[in-house]
Every structure is written in C-alpha cells, then in structure tokens.
Amino acid sequence: MTRSSLTTSPAVPGTPVPVGTTLHPRAWCDGITGRKAYLEAEGRIGAPDGPVDGRAAARFSEVRMEHFAGHGDLAAATEHQDYEVTP
C-alpha cells in the first residue's frame, strides 16, 4: 500500500493541444529513501524528443498493512474490495 502526493504543471499554461495529438510519456525514479520513492514524468508532443507538453512529480510512501490492521476498520475495508477499473 502506498500514499502519494502529486504535482503537475503544463509546459505552457493555457496552450491547448489539438485533439488527435500523440503524447509520448516518459517516467523515471529520482531516488528511494527509506519508505519514500520520488518519481518524475514528462509528456512530449508528437515524438519522444518533441516539445514538452507537461511535467509531473510524485512522492510515494510505503504503508505496511499492519498499520491499517491496527488503526483501521476491518469491516469497512472488506466492504470496499469490489470496484471497477476502467482500462
């Protein structure tokens, strides 16, 4: 289980990208310190080396299941196991 924070920013705020434009995403890990992983990503228009359309940065923190077992509501957790994922 992880907790995360995410920051995103368009390369040029307010600049629309035409419908049908191909976006080439690239993501990488900047480092791992203890339970935290620091990641970044960018999306480029038209080609892997095209102009940058947007950037994102995130921090993920590992939270062991023992934490939720000791501090959570087990009945509520089992109620929410059925969910639909849109591909």
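Student: Among the elements of the protein, which has the lowest mean pLDDT, and which the highest?
Tutor: This is a predicted model, so confidence comes first, because where pLDDT is low, the predicted coordinates should not be read in detail. Strand β1, residues 2-10, sits at the bottom with a mean of 56. At the top, with a mean of 94, is β2.

Student: What is the mean pLDDT of the protein?
Tutor: Of its residues, 68% reach 70 or more. The mean for the protein is 79.

Student: How many bridges join β2 to β3?
Tutor: These two strands run antiparallel. One bridge pairs W28 with E40 in β3. The number of bridges joining β2 to β3 is 10.

Student: Which residue in the turn between β2 and β3 has a positive phi?
Tutor: The two strands form a hairpin. Between them lie 2 residues. The phi in question is about 60°, and the residue is G34.

Student: Over how many bridges do β3 and β4 pair?
Tutor: The sense is antiparallel here too. E40 stands opposite A57 in β4. The count for β3 and β4 is 9 bridges.

Student: How many residues lie between β3 and β4 in their hairpin?
Tutor: The turn holds G46, with a positive phi of about 80°. The number of residues between the strands is 6.

Student: Is E42 buried or exposed?
Tutor: E42 lies in strand β3, residues 36-45. Its relative accessibility is 7%. The cut-off for buried is under 20%, so at 7% E42 counts as buried.

Student: Which residues is E42 in contact with, leaving aside its neighbours within four places in sequence?
Tutor: Start with the side chain. E42 makes a polar contact there with the side chain of R55, at 2.9 Å. The full set of contacts beyond the neighbours is H24, P25, R26, W28, V52, G54 and R55.

Student: How many salt bridges does a search of the whole structure find?
Tutor: Side chains of opposite charge can pair when their charged atoms come close. One such pair is E42 and R44, whose side chains meet at 2.9 Å, N to O. The search of the whole structure gives a total of 4.

Student: How many residues apart are E42 and R26, the pair that links distant parts of the chain?
Tutor: Their side chains meet in a salt bridge at 3.8 Å, N to O. E42 is in strand β3 and R26 is in strand β2, residues 23-33. The pair is 16 residues apart.

Student: What is the relative accessibility of R26?
Tutor: E42, its salt-bridge partner, counts as buried at 7%. R26 counts as partly exposed, because its value falls between the two cut-offs, 20% and 50%. The relative accessibility of R26 is 49%.

Student: What is the relative accessible area of R44?
Tutor: The side chain of R44 makes a polar contact with the side chain of E42, at 2.9 Å. R44 is partly exposed. Its relative accessible area is 22%.

Student: Which strand holds R55, the partner of E42 in a pair that links distant parts of the chain?
Tutor: The side chains of E42 and R55 meet in a salt bridge at 2.9 Å, N to O. The two residues are 13 residues apart, with E42 in strand β3. R55 is in strand β4, residues 52-62.

Student: Which residues do salt bridges that share partners join into one network?
Tutor: R55 meets E42 in a salt bridge. R55 itself is partly exposed, with a relative accessible area of 46%. The residues joined in the network are R26, E42, R44 and R55.

Student: What distance separates the C-alpha atoms of R55 and P25?
Tutor: Along the chain, the two are 30 residues apart. R55 has its place in strand β4. The C-alpha separation is 9.4 Å.

Student: Is S61 buried or exposed?
Tutor: S61 is found in strand β4. Its side chain makes a polar contact with the side chain of R59, at 3.4 Å. The relative accessible area is 9%, and buried means under 20%, so S61 is buried.

Notes:
Residues numbered from 1 in each chain as written. Heavy atoms only, no water. Helix = DSSP H or I, 4+ residues; strand = E, 2+ residues; numbered from the N terminus. Buried < 20%, exposed > 50% of the residue type's maximum accessible area, 1.4 Å probe, protein only. Polar contact = N/O pair within 3.5 Å; in protein donor to acceptor, adjacent residues only side chain to side chain. Contact = heavy atoms within 4.5 Å. pLDDT = per-residue confidence, 0-100. Pairing = 2+ DSSP bridges.
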